[in-house]
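Biologist: Could you take me through this model and show me how each label is earned? I'd like to see the reasoning behind the words.

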Amino acid sequence: MTSIALPSHQVHVSRSKSSLQCLLIWAFLTQCVGCFAVHNVRTFTFPSRQRAAATKGTMQLRTMNDDPAETLDQASSIESALNDAIEGHHVADNDDQHRLGATVNSMDQTSKSEAHEIQVQHVNDDQLRGGERASNPSSISRWPCGDALDRRLIKVSLPVIANFAINPLIGAVDLFWVNRMGIALAVAGQAAANQVFSSVFWLTSFLPAVTATIISKQNAKGNQEGVQDAICQALLIGLIMAAISSTVLLLRPDAVLLSVLSADAPALKYARPYLLIRSFAFVPSLISLVGFSAFRGVLDTVTPVKISLMANLLNAVLDPIFIFTLQMGVPGAALATLAAEIVSAVTYLVVLHKRNMIQLGKIFKLPAWVQLQPLLKGGGALQLRNVALNLTFLAVARVVQSIDTSGVSAAAHAISIQTFQLGGIVLLALSTVAQTIVPNDLVSRYDKNQRKHVGGVATAKATVNRLMSWGLLLGSILGCLQLLLIPVIRQSTPLQEVRDAARIPCVLASVYQIMNGAVFIGEGVMVGCGSFMQLSLSTAIATSGCLWALKTFPPIYGLAGVWLGFGVFNFLRLMGVLINQLYFGPLAKRNINDKRPKTLKEG
């Protein structure tokens with residue numbers, strides 16, 4: 001066997017190549033482990049010194065050339081840099097070396113924004129599995145316990161409740177001063193006209209519900225342009241619908257009033273002038289409603305309270321002046337309300353414009369179909385619900401007016417409605433909170449203020465559970481408070497026969513609050529989740545049950561029978577809420593499970 005001696009410089013180059021090959025193999029394995037670690041390690045950061053050493057090694061690895069001698073020197077520098085990084089970070093085991101490789105690799109291939117996206121994806125995946133790694137929403141208590149979630153809900157809800165408490169004051173103040181006239185027919189006529197106005201007006205009520213949901217989602221994403229577009233589109237559609245509705249009421253007031261009054265009803269002479277004046281309030285009322293929804297969508301619930309308080313104080317001052325001082329009677333109450341609505345609408349427009357939430361040019365510019373589609377699609381589904389609701393309330397008003405011609409039953413019914421609104425405004429306020437806070441929580445995002453990822457399916461589900469619990473507790477408490485306040489409420493009228501007729505309906509209105517808490521908040525959740533068609537079908541079924549009850553109970557029990565019909569109506573709505581949350585809603589347990597990756601469900 002012949003041996004061949006190699007020159008010394010060739011031996012050196014051969015050894016250099018051998019060392020280089022080993023180093024490259026080690027670097028390749030580190031890169032592979034790094035790729036794996038980038039997708040599995042949440043965060044791993046070096047102090048500045050060690051990170052600089054690792055960066056230096058990575059940059060040198062990129063510039064290696066084909067010259068063996070020069071390559072060997074570069075490889076040695078790489079090894080030294082990586083060792084410095086490892087020693088500086090006190091990495092002693094294989095796991096830490098893997099993390100080091102992951103950091104080197106991520107600095108080489110992933111920008112900071114890409115690393116952020118990877119982290120967001122991990123959060124989303126964790127939420128589909130039932131919670132975030134940082135905080136598990138599935139472990140949050142269903143019942144109020146004074147935690148961070150309760151504090152957040154209270155902070156958002158209190159101004160909304162205050163606003164809802166203020167708004168009914170327009171009707172309550174009008175009712176109080178009209179009652180002071182001592183004419184039961186005047187109260188009946190004003191109540192009938194108010195019901196007609198409200199029914200026609202709320203045919204456009206899909207606008208605030210859908211608008212607030214869209215704005216909430218766009219605001220959670222940080223899309224200011226999307227927020228602005230949604231508000232301007234709602235104002236444009238609302239102004240068109242309000243103009244049409246106002247024209248109908250002005251031209252055919254008697255035809256509309258016949259939906260709740262008979263042609264020879266004595267209260268018609270009081271209802272007609274009141275409705276004609278209130279018809280001019282359609283446009284300003286709708287502007288105020290959209291403005292209120294806009295601020296709800298961005299979770300600013302304080303500004304609407306200030307505007308509503310100012311408008312209602314104006315109404316309270318003008319009512320006695322117009323009704324008694326100027327001796328205008330019932331039409332004076334309508335004029336005071338109109339003035340308050342105009343002031344409210346102008347204030348909303350000014351504030352929205354100052355905060356760059358609207359542009360006047362966009363309001364009168366017809367948007368593209370793609371932009372209008374979400375608003376019209378959701379609005380079309382909710383329109384069925386609004387028709388069903390208004391059919392119910394008109395049927396109730398008509399039955400109440402037909403019980404007697406003296407106006408006593410109608411006046412007693414108006415007092416019962418005021419009793420209901422004492423607690424109902426709180427529950428309705430929580431319903432509107434659910435409409436905006438649930439879609440906001442459904443959006444998974446990084447919160448710079450909290451320095452963590454928030455939102456997602458699990459977070460929204462925890463919020464819904466807490467809201468429903470609050471609804472049940474508050475409904476029970478408010479119902480008891482209303483029972484205690486019934487004697488005081490009945491004193492709002494000087495007519496004893498009206499007080500007597502209102503006793504049982506006021507009791508029923510108080511008892512119903514127990515289930516109304518779950519009904520109102522549950523329906524708010526359905527709006528927030530976009531379950532518009534399910535909500536509409538549920539309301540339509542409840543309306544059918546109420547119409548049956550109105551034919552059956554009032555002939556036997558009089559005005560109390562009407563309120564028994566309300567009980568049937570709200571019970572069927574409660575069933576619709578439960579079916580949505582347990583079976584068909586997007587936050588139902590089985591639907592959340594369906595969103596999990598197959599590997600998770602099978603494992």
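**Labels and the values behind them**

Modeller: Sure. Let's begin just past one helix: H21 is followed by Gly 530, which has a positive phi, near 80°. Bear in mind that this is a predicted model.

Biologist: How do you know that the span of helix H21 agrees with its number of residues?

Modeller: H21 covers residues 513-528, which is 16 residues. At 1.5 Å a residue that should span 22 Å, and the end C-alpha atoms are 22 Å apart, so the two agree.

Biologist: What makes H21 largely enclosed by the rest of the structure?

Modeller: Of its 16 residues, 15 are buried, so the helix is largely enclosed. One residue of H21 worth a look is Glu 523.

Biologist: Why is Glu 523 called buried?

Modeller: Buried means under 20% relative accessible area. Glu 523 has 3%, so it is buried. Its side chain meets that of Arg 385, and Arg 385 is at 15%, so that residue counts as buried too.

Biologist: What makes Arg 385 and Glu 523 a salt bridge?

Modeller: The cut-off is 4 Å from a side-chain nitrogen of Lys or Arg to a carboxyl oxygen of Asp or Glu. Here the N to O distance is 2.8 Å, so the pair meets the cut-off. The bridge links distant parts of the chain, with Arg 385 in helix H17 (residues 369-403) and Glu 523 in H21, 138 residues apart.

Biologist: How many salt bridges does a search of the whole structure find?

Modeller: It finds 10. Among them is Arg 466 with Asp 147, at 2.8 Å. Arg 466 sits in helix H19 (residues 457-490), while Asp 147 is in the loop between helices H5 and H6, 319 residues away. Arg 466 also meets Asp 150 in a salt bridge, at 2.9 Å. Asp 150 lies in H6, so this pair ties together parts 316 residues apart in sequence.

Biologist: Which residues are joined into one network by salt bridges that share partners?

Modeller: Asp 147, Asp 150 and Arg 466. Arg 466 is at 0% relative accessibility, so it counts as buried, and Asp 150 is buried as well. Asp 147 has 21%, which means it is partly exposed.

Biologist: Why is the pair of Phe 176 and Trp 177 called edge-to-face?

Modeller: Planes over 60 degrees apart count as edge-to-face. Theirs are at 80°, with the ring centres 5.2 Å apart, so the pair earns the name. Phe 176, at 37% relative accessibility, counts as partly exposed, and so does Trp 177, at 24%.

Biologist: And what makes the pair of Phe 393 and Phe 566 tilted?

Modeller: Planes between the stacked limit of 30 degrees and the edge-to-face limit of 60 count as tilted. For Phe 393 and Phe 566 the angle is 45°, with the centres 6.5 Å apart. Phe 393 is in H17 and Phe 566 in helix H24 (residues 559-584), so the pair ties together parts 173 residues apart in sequence.

Biologist: Which residues touch the most other members of the largest nonpolar core?

Modeller: Val 196, Ile 231, Leu 249, Val 438 and Trp 563, out of 129 residues. Helix H18 (residues 408-442) gives the most to this core, with 16 residues.

Biologist: Where is the pLDDT below 50?

Modeller: Residues 1-72 are one such stretch, and residues 596-603 are another. Where pLDDT is low, the predicted coordinates should not be read in detail.

Conventions. Residues are numbered from 1 along each chain as its sequence is written. This is a predicted model: local features need pLDDT of at least 70, side-chain atom pairs count only at pLDDT 80 or more; totals for chains, interfaces and linings use all residues. Side-chain values use heavy atoms; hydrogens and water are left out. Helices (H or I, at least four residues) and strands (E, at least two) are DSSP runs, numbered from the N terminus. The expected span of a helix is 1.5 Å times one less than its number of residues. Buried means under 20% relative accessible area, exposed over 50%, partly exposed in between (1.4 Å probe, protein chains only). A nonpolar core is a set of buried Ala, Val, Leu, Ile, Met, Phe, Trp, Tyr and Cys residues joined through side-chain atoms within 4.5 Å. pLDDT is the predictor's confidence in each residue, from 0 to 100. Contact means heavy atoms within 4.5 Å. Rings of Phe, Tyr and Trp (its six-membered ring) pair if their centres lie within 6.5 Å; planes under 30 degrees apart count as stacked, over 60 as edge-to-face and the rest as tilted.
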